[in-house]
Amino acid sequence: MKSRRMFFPRKSKFEIGPIRQDALADCVAIHGKAFHRGWDENEFSDLLSDASVLSFAAFSPNTGHVVGFILSRRALDEAEILTLAVDARARGAGIGYALLQKQIEGLSMQGVTNVFLEVDERNKAALALYARAGFLNVGKRVGYYPSQGSLPASALVLRRRSGKGVG
Ligand SMILES: CC(C)(COP(=O)(O)OP(=O)(O)OC[C@H]1O[C@@H](n2cnc3c(N)ncnc32)[C@H](O)[C@@H]1OP(=O)(O)O)[C@@H](O)C(=O)NCCC(=O)NCCS
């Protein structure tokens, strides 16, 4: 069976830190390949300048380029994960999980007690990741994602109570 681990073996190091302005082009490229509707640099920039938005990126220690990122928006003691994506070549190396863990820790420190997100019910990798990180299914938005040539897919609404460690 072909391994999910591409050029980043499980033990390889990557650095996690804030998304810098000079990293936006990498984020746009990864986002555009990961999702049906990509975000441009202005959209990223607007979100990053919003005080209620928390974001982290994972950087390759070899190239300094972004290999994954996560953004969430907080409202009082709740937050929503807005996006999470890992470069397709770097998946399966623990980067998505590490970003999610860092985000939940950061939100917890800001007083967030419930983290929500929406995920396409067909997205097996993301569903497995979120289940492993302690998210539970609390709702469903039927026909939320339009898809060409087939019926629209539903979004599952997941919630994780923060304050507990991810793993
Ligand atoms: C979902 C995504 C962020 C996962 O990132 P990743 O860095 O590959 O995930 P990790 O290596 O940290 O995996 C952590 C856990 O998630 C689960 N998982 C991740 N990818 C998986 C896959 N393809 N199949 C099954 N389980 C998977 C596993 O439980 C894994 O733990 P394990 O390797 O110990 O079994 C990545 O696949 C991605 O960017 N997808 C496209 C964008 C997307 O769908 N984002 C989520 C939108 S809600």
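Okay, so this chain has 4 helices and 7 strands, where helices (H or I, at least four residues) and strands (E, at least two) are DSSP runs, numbered from the N terminus. Before I go on: this is a predicted model, so local features need pLDDT of at least 70, side-chain atom pairs count only at pLDDT 80 or more, and totals for chains, interfaces and linings use all residues. Residues are numbered from 1 along each chain as its sequence is written, and side-chain values use heavy atoms, with hydrogens and water left out.

Reading from the N terminus, the elements go β-α-α-β-β-β-α-β-α-β-β. Of the 167 residues in the chain, 42% are buried; buried means under 20% relative accessible area, exposed over 50%, and partly exposed in between, with a 1.4 Å probe and protein chains only.

On to the sheet. What is the order of its 7 strands? Going across, you get β1-β2-β3-β4-β5-β7-β6, in an open sheet with mixed pairing. Two strands count as paired if DSSP finds at least two bridges between them. At the edges sit β1 (15–17) and β6 (136–145), and each of these pairs on one side only. From one strand to the next, the twist averages 25 degrees.

Let's walk through part of that sheet. Strand β2, residues 53–59, pairs with strand β3, residues 66–75, in the antiparallel sense, over 7 bridges. In that pairing, L54 has S72 in β3 as its bridge partner. Now stay on S72, since its bridge partner in β4 is I81. β3 and β4 also run antiparallel, joined by 8 bridges. These two strands form a hairpin with 2 residues between them, and L76 in the turn has a positive phi of about 55 degrees. Then the sense changes: β4 and β5 run parallel, with 3 bridges. There, E78 has N114 in β5 as its bridge partner. The connection here goes through a helix, as β4, α3 and β5 make a right-handed β-α-β unit. For the handedness, point the strands away from you: a crossover is right-handed if the path from the first strand over the helix to the second runs clockwise.

What about the helices on the sheet? Helix α2 (residues 41–48) lies across β2, β3 and β4 (78–86), running at about 50 degrees to β3. Helix α4, residues 124–132, packs on the sheet too, touching β4, β5 (114–120) and β7 (153–161), and its direction makes about 160 degrees with that of β5. For those angles, axes are lines fitted to C-alpha atoms, for helices over the stretch in contact, and angles run from 0 to 180 degrees between N-to-C directions.

Next, the packing. The largest nonpolar core has 29 residues, and I95, L100, Y130 and F135 have the most contacts inside it. By nonpolar core I mean a set of buried Ala, Val, Leu, Ile, Met, Phe, Trp, Tyr and Cys residues joined through side-chain atoms within 4.5 Å. Which element gives the largest share of this core? That's α3, with 7 residues. Take L100: leaving aside neighbours within four places in sequence, L100 is in contact with I70, I81, L129, Y130, A133 and F135, contact being heavy atoms within 4.5 Å. So I81, the partner of S72 in β4, turns up again here as a contact of L100. Apart from this core lies another, of 15 residues, among them I19, W39, A57 and F69.

Finally, some buried polar residues. S60 sits in the loop between β2 and β3. S60 counts as buried because its relative accessible area is 7%. Its side chain reaches the backbone nitrogen of N62 at 3.1 Å and the backbone nitrogen of T63 at 3.2 Å.

D87, in the loop between β4 and α3, is buried as well, with a relative accessible area of 11%. Not counting residues up to four places away in sequence, D87 touches I30 and V67.

And then R160, in strand β7: is that one buried or exposed? At 4% relative accessibility, R160 counts as buried. What does its side chain reach? The backbone oxygen of A133, at 2.6 Å. R160 is also 9.1 Å from I104, C-alpha to C-alpha, with their positions 56 residues apart in sequence.

Key. A polar contact is a pair of N or O atoms within 3.5 Å; within protein, one must be able to donate a hydrogen and the other to accept it, and residues adjacent in sequence count only if both atoms are side-chain atoms.
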